[in-house]
Amino acid sequence: MSKALVELIKKNFPSAVLETHAQHGDETVVLDPGSWHEVAAFLKGAPQADMNMLVDLTAVDYLDREPRFEIVAHLHSLTRGHRIRLKSRVGDKDGEEVEIDTLTDLWASANWMERECFDMFGVRFTGHPDLRRILMYPEFIGHPLRKDYPADKIQPLVPYRDAENIQKLPPFGPDEGMSFGRQTHEWVAEEDDADQPPIAVDEVHT
Amino acid sequence: MEPLDLDLDDSEIKLPSEPMLINVGPSHPAMHGTVRVVMELSGETIERCDVQVGYLHRGFEKMCERGNWSQVFPYVDRCNYVSPMLNNVGFALACEKALGVTVPERCQYYRMILGEMARVSDHLTAAGAMAMELGAFTPFLWMMKGREMIWDLLEEETGARLTHSFGRVGGMAAPPTDGFKENSLAVAEHLLGIISEVEALLYGNRIFLDRLQDVGVMKAEDAVSLGWTGPILRASGVPYDVRKADPYLKYGEVDFEVPIGEHGDSYDRFVVRIEEIKQSMRIVEQCTEKIPDSGPVNIDDPRVVLPPKEEVYTTIEGTIRHFKIVMEGLKIPAGEVYSYTEGGNGELGFYLVIDGSGTPYRVRIRPPAFLNTGGLEMLITGAMVADVVPCFGSLNMIGGECDR
């Protein structure tokens, strides 16, 4: 971590720096969310900074603060050996409209870390090419690392996904298989009934 | 009947072609852990691919926010389950950085020896599995034999073969056993023997070389941009090792080299791991010379370290100390800290947000395997479908660490 780097950011972006502090030797710069990408691009490009590696990007949820989320990025320069922590605060109390610029055009590692951050905290990175869930499945409801997500919350069962151009039997019909292996999804069953009777096993095999 | 000697050159035959989607995983023997790769092929070349992780997500970061600081250790154990000791030590160092304490010299060397043993077990697994996937089963079994010795050693020390939970904030759970030095040296010697046998088997093996050399080449700048760290970054020619760049414990006082590769192909990633095993053994040998035979292992701070059981059962002060630490958790001053160590696969970072109570507010584990696997898409796009398995093996993705 480097003090000179903090001074460099302060000198070049006097209006973007909200505060700076250093604890345990980790220099931290808190940035205005509007200049998040601009400062990051400067740190990557400027020869005296040369931060060529985005080590870590994550968020912290402060439930009772406004703005609620703190986006935390750790940068590292392999050539110069210094590190810095960038922070930015975004989001209102409800956790809606949490948006910040993406860093994917600067570092390739931002791609997966921003996806994870979106998955876990619901932070939307504007300009991200592929903002999907990464650790959770697409049907997951909510964002698990938010402080208002109860750790013991139970998610609803997910119906079988529809795959196009795949001709196969549903795993178990209503009267097939062992009772403990039978999964019922009411909404799936209702749709099936409305359209056509379920396919008989013999028909498909012959 | 039609004539069979049609002049094919005159009439161009157009065959219908469409890209073929191939799915590998999530449960597939070549996908260590659980990861799914969906590839779009044109012929045998991978045009596009999508790497999907998360099948092993167990919500560790959320779970860490429910207990106290000592209860994080079992979780980090299960992150990289091939070298759990490195995770234990990494997390303990993060807490110690936040507390502003340094453990005694004996403990530092103890942690280094155990950590290097765990690193070797990680590299043996990665290199062995890589060889096995190319059909070389013998080196794999030899390396597993070596890993078994390491686990026996760790079992002797910690009581558990795999998930030790042996680290403590401010020290280790127990001091080294009596025969620790001799056992470590014996294991180191055996391992070096295994490594030279494996080298003799593989480095002259045409199949092995052809499948790995110039396959899955990653340029240095791309590797850095992808956030790669550890052996696979060094294989691309970037000499970044946290142990050298930013020495923690006593790494500044031991003599070792950082092996780097030239081409950044799968073969270099294999060789760098093998060379690192030798360097780790050098570190172990130096540490066994330097580790003091007696002296404290834990720091002398009643607010952090549990009292000896003898004291807990016989004195009221000991009972109260024990009760306070177990029930309330040890208190770390409020703030935040990012601490990083060299894990088996790269920079293992812990970003802790501390609110001053006994419970972590946020434990962010910076998993090297997650970012390493993030580079798989770039690595295999444009490669042949048969190269997916060795390329993926060379990254050594550990599912538990990647998905947490």
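The expected span of a helix is 1.5 Å times one less than its number of residues. Keep that rule handy for this tour of a predicted model.

**Stop one: a helix in chain B.** Select residues 316–328 of chain B, which form helix α13. How many residues does α13 of chain B have, and how far does the helix reach? There are 13 residues, and the distance from the first C-alpha to the last is 18 Å, close to the 18 Å expected at 1.5 Å a residue. Now step just past the end of α13(B) to G329(B), and check its backbone: phi is positive there, near 85°.

**Stop two: the whole of chain B.** Zoom out and select chain B, with its 17 helices and eight strands. Turn the C-alpha trace onto its principal axes and you will find spans of about 105 × 45 × 35 Å. Try colouring the chain by burial: of the 404 residues in chain B, 52% are buried. If you draw a contact map of chain B and keep separations of 6 or more, 71% of those contacts join residues 24 or more positions apart.

**Stop three: where chains A and B touch.** Select the contact between the two chains, made up of 26 residues from chain A and 32 residues from chain B. On the chain A side, highlight β3 (53–61), β4 (69–76) and α3 (110–121), the elements that each give two or more residues. Which of the elements gives the largest share of this side? That is β3(A), with six residues. Finally, colour the chain A side by residue type: 15 residues are nonpolar, eight are polar and three are charged.

Definitions and conventions:
Residues are numbered from 1 along each chain as its sequence is written. Chains are lettered from A and ligands numbered from 1 in the order in which they are written. This is a predicted model: local features need pLDDT of at least 70, side-chain atom pairs count only at pLDDT 80 or more; totals for chains, interfaces and linings use all residues. Helices (H or I, at least four residues) and strands (E, at least two) are DSSP runs, numbered from the N terminus. A residue is buried if 20 or more other C-beta atoms lie within 10 Å of its own, exposed if 12 or fewer, and partly exposed in between; C-beta atoms are placed from the backbone. Two residues are in contact if their C-beta atoms, placed from the backbone, lie within 7 Å. Ala, Val, Leu, Ile, Met, Phe, Trp, Tyr, Cys and Pro count as nonpolar, Asp, Glu, Lys and Arg as charged, and the others, Gly among them, as polar.
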